[in-house]
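New to this one? Take a look at the chain below, and then we'll walk through a few of its residues and helices.

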Amino acid sequence: MKQYEPHSSSLGNASANLIAALCCALSLMFSLPGIAVSLVLGYLEKKSGLVKYYAAAAAVLGAARFVVTRIFDGAWAISAPVNIAALVLLVLMGLSAYRWKEMEIPLVSKWARGLKKALFGKAKYEGDGPVPDDCRQGGAVPGEGPASTPPPAPPQIPAGNSGPSINLKDLYQQQQQQQPVQAAAQPQPFAASEAFAGPPPAPPAPVATPEFELTVQPTLQQPTDQE
């Protein structure tokens, strides 16, 4: 069983294992329409040998299932076991495709590789050697290009030199000492009204209150001649 490295498909740049498992699911659920779609996907695929293999294998197994069930339509003793076996194999193929493995099935794998070679051709990545750069998932080589730029390395301290040590207590005391100096050196705000107002006005002089003395003198009435 050949093991593939994770890589992308040329069909929408999706993950190749998902497209390969989709071919098996289409052949399992839709019979002839699913077989036709699997063949189209395998023909359009240019990068992944995994997708091409499972597209061909799903088409071969689905076609064999369809032919046997049509020929032995009334013979349930033959058509039922073949139909069940084909369904089980398609499920196992889909699971293997999802795990990036090329499942070996006697006779089916041989026909699938022959159909792949004759109809689909060779893909860029067939599971041998490293994954080509344009077949990697994400379309970029890890560690290269703008897709994954490594962060800058921190400055290295030479061996034997641990760098200056910082005492937090001394730093706090220096900040406390600098704060009064900064406050004294800070210029006071200038008020234009104070510059042009002139000297402050003198307080008003006290007003003298006159004192009045009331003197009452008795007046004696002089007698007149008539009295």
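Asn83 counts as partly exposed, because its relative accessibility is 24% and the partly exposed class runs from 20% to 50%. You'll find Asn83 in helix α3, which covers residues 76–98. This is a predicted model, by the way. Setting aside neighbours within four places in sequence, Asn83 is in contact with Arg65 and Thr69. Asn83 and Gly62 sit 21 residues apart in sequence, and their C-alpha atoms are 9.6 Å apart in space.

Now for a residue with less exposure to its name. Is Ser8 buried or exposed? Ser8 counts as buried, because its relative accessibility is just 1% and the cut-off for buried is under 20%. Ser8 belongs to the loop between β1 (2–3) and α1 (16–44). Leaving out neighbours within four places in sequence, the residues in contact with Ser8 include Lys47, Ser48, Asp134 and Cys135. Asn13 and Arg136 are also among those contacts, and both turn up again in the table, next to a cap on helix α2.

| From | To | Distance |
|---|---|---|
| Ser8 side chain | Asn13 side chain | 3.4 Å |
| Ser8 side chain | Arg136 backbone oxygen | 3.3 Å |
| Ser48 side-chain oxygen | Leu50 backbone nitrogen | 3.2 Å |

The last row is the cap: Ser48 caps the N-terminal end of α2. Helix α2 itself runs over residues 49–71, 23 residues in total. From first C-alpha to last, α2 reaches 33 Å, close to the 33 Å expected at 1.5 Å a residue.

Which way does α2 pass α4? The crossing is right-handed. The axes of α2 and α4 (residues 108–120) come within 8 Å and cross at roughly 120°. On the α2 side, the contact is made by residues including Gly49, Lys52, Tyr53, Ala56 and Val60. On the α4 side, Val108, Trp111, Ala112, Leu115 and Phe120 are among the residues taking part. In general, an α-helix has 3.6 residues a turn, so residues three or four places apart point the same way.

Finally, the whole chain. Its secondary structure comes to 6 helices and 2 strands, in the order β-α-α-α-β-α-α-α along the sequence. Of its 227 residues, 26% count as buried. The chain exposes about 16,500 Å², with carbon and sulfur atoms supplying 63% of that. Among contacts between residues at least 6 apart in sequence, 72% join residues at least 24 apart.

Methods
Residues numbered from 1 in each chain as written. Predicted model: local features only at pLDDT ≥ 70, side-chain atom pairs only at ≥ 80, totals over all residues. Heavy atoms only, no water. Helix = DSSP H or I, 4+ residues; strand = E, 2+ residues; numbered from the N terminus. Expected span 1.5 Å × (residues − 1). Polar contact = N/O pair within 3.5 Å; in protein donor to acceptor, adjacent residues only side chain to side chain. Buried < 20%, exposed > 50% of the residue type's maximum accessible area, 1.4 Å probe, protein only. Contact = heavy atoms within 4.5 Å. Areas by Shrake-Rupley, 256 points an atom, 1.4 Å probe, with all protein chains shown as cover. Axes fitted to C-alpha atoms, helices over the stretch in contact; angles between N-to-C directions. Left-handed = near helix turned anticlockwise from the far one by under 90°.
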